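Colleague: Can we go through this one together? I'd like to hear how each label is justified.

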Amino acid sequence: MRPLNKYINAGLTFFVCLSFSFNVFSQNLIRNGSFETYTTPSNWNSWGGDFIGYYQWPGDTVLRDWTEQNSADLFLSACTHTFAGVPKNKDGHCYAQDGNNYCGFLAYAPSEETKEYISQHLSSPLIFGKTYCVSFYVSCADAKEYAIKNIGAYFSNTIPSVTPLSYAVGNPQVENQNGYLTDTIGWTEIQGCFTAAGNEQYITIGNFNSGANTDAVYVGTNSPIYPSAMCYYYIDNIQLWDILTTDIEDLKGNLL
């Protein structure tokens, strides 16, 4: 039986790999993950890429389903000026990875601790013991002079507290494993799977490290658009999947 068990275990491993490779998952649990659903600001000329339009009172919601911390940005191809447009905007030049729009956040600056984040309140809490897979794409803004490794997705029971000139403290369940994220033309996927502790209700994406603990590298810039000594990333196409569970003992029986 030992040789047979060896082949069964190999088959199970192969099955799990196939499941991941071919996206054998439930529906995407992230709403508006490519930032295509938004309300047109009342005055494009006064809109600076904010999630909320502050040029009128009360402020009107621009981006649906998402919130931001420390003033992360929204970039729209329909924007009537280049400050918050796609592909050209205040942080560089980049086409969307999926659809027409994307968001952006400050991930590191050598002179300060300020970092920006985007968050979403999930439609329902994550379930204890279930395996979830998250995927999103980032591109390094070419008007900025640094790149980092430390970008991750953090799932938590409450939204992380972030004050101005600070960063969110958390232990991301999924974090970049691709080395320095230096690509300013294409998009790099950050993805991974984790087992839920249970009752996580928020996803927050960004850099959860202090400046001293951030693995950063100077890359320079040739961009004439607001060059600055910081690290900034565009983000697009965020997805979260609940892997369809299969009873392992039943699977073993089927393989027999």
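Modeller: Let's start with the surface: the accessible area of the protein chain is about 12,500 Å², and carbon and sulfur atoms hold 52% of it. Keep in mind that this is a predicted model.

Colleague: What makes you trust the prediction, and where is the pLDDT below 50?

Modeller: On the 0 to 100 confidence scale, the protein chain averages 86, and 82% of its residues score at least 70. Residues 1-22 stay under 50, though the model still gives them 17 contacts beyond four places in sequence. Residues 246-256 are also below 50, with 11 contacts beyond near neighbours in sequence.

Colleague: How many helices and strands are there in the protein chain, and what share of the residues counts as buried?

Modeller: Two helices and 16 strands. Of the 256 residues, 47% are buried, which takes a relative accessible area under 20%. As for contacts with a separation of 6 or more, 80% of them join residues 24 or more positions apart.

Colleague: Why is β14 called largely enclosed?

Modeller: Because five of the five residues in that strand, 202-206, are buried, the rest of the structure largely encloses it. Both faces are covered, with Y202, T204 and G206 buried on one side and I203 and I205 buried on the other. That fits the usual pattern: in a regular strand the side chains alternate between the two faces of the sheet.

Colleague: How do you know that β14 pairs with β8 and with β11?

Modeller: Pairing needs at least two bridges between the strands. β8 (residues 117-121) shares four bridges with β14, and β11 (residues 152-156) shares five, so both pass that cut-off. Both pairings are antiparallel.

Colleague: Which residue of β14 is the bridge partner of I118, and which ones stand opposite A153 and Y154?

Modeller: I118 is partnered by I205. A153 also has I205 opposite, while Y154 faces T204.

Colleague: What is the strand order of the open sheet that holds β14?

Modeller: Five strands, β3-β8-β14-β11-β12, with antiparallel pairing. β3 (67-69) and β12 (174-175) are the edge strands, each pairing on one side only.

Colleague: There's another open sheet, with β4, β7, β16, β9 and β13 in that order. What makes β4 and β13 its edges?

Modeller: Each has a single partner strand, so one side of β4 (73-75) and one side of β13 (188-195) are left without a neighbour in the sheet. Five strands take part, and the pairing is antiparallel. On average, neighbouring strands here are turned by 35 degrees against each other, direction ignored.

Colleague: And how do you know that β4 really pairs with β7?

Modeller: Three bridges join β4 to β7 (residues 102-108), running antiparallel, so the cut-off of at least two is met. D73 is one of the residues involved, with G104 as its bridge partner in β7.

Colleague: Where is G48 found, and why is it called partly exposed?

Modeller: G48 is in the loop between α1 (2-21) and β1 (52-53). Its relative accessible area is 22%; buried would need under 20% and exposed over 50%, so partly exposed is the label that applies.

Colleague: What does G48 touch, leaving out residues up to four places away in sequence?

Modeller: D73, F83 and A84. G48 and D73 are 25 residues apart in sequence, with 8.2 Å between their C-alpha atoms. A touch is judged on heavy atoms within 4.5 Å, so a C-alpha distance doesn't decide it.

Note on methods: Residues are numbered from 1 along each chain as its sequence is written. Side-chain values use heavy atoms; hydrogens and water are left out. Axes are lines fitted to C-alpha atoms, for helices over the stretch in contact, and angles run from 0 to 180 degrees between N-to-C directions. Buried means under 20% relative accessible area, exposed over 50%, partly exposed in between (1.4 Å probe, protein chains only). Accessible areas come from the Shrake-Rupley method with a 1.4 Å probe; for residues, only the protein chains shown count as cover.
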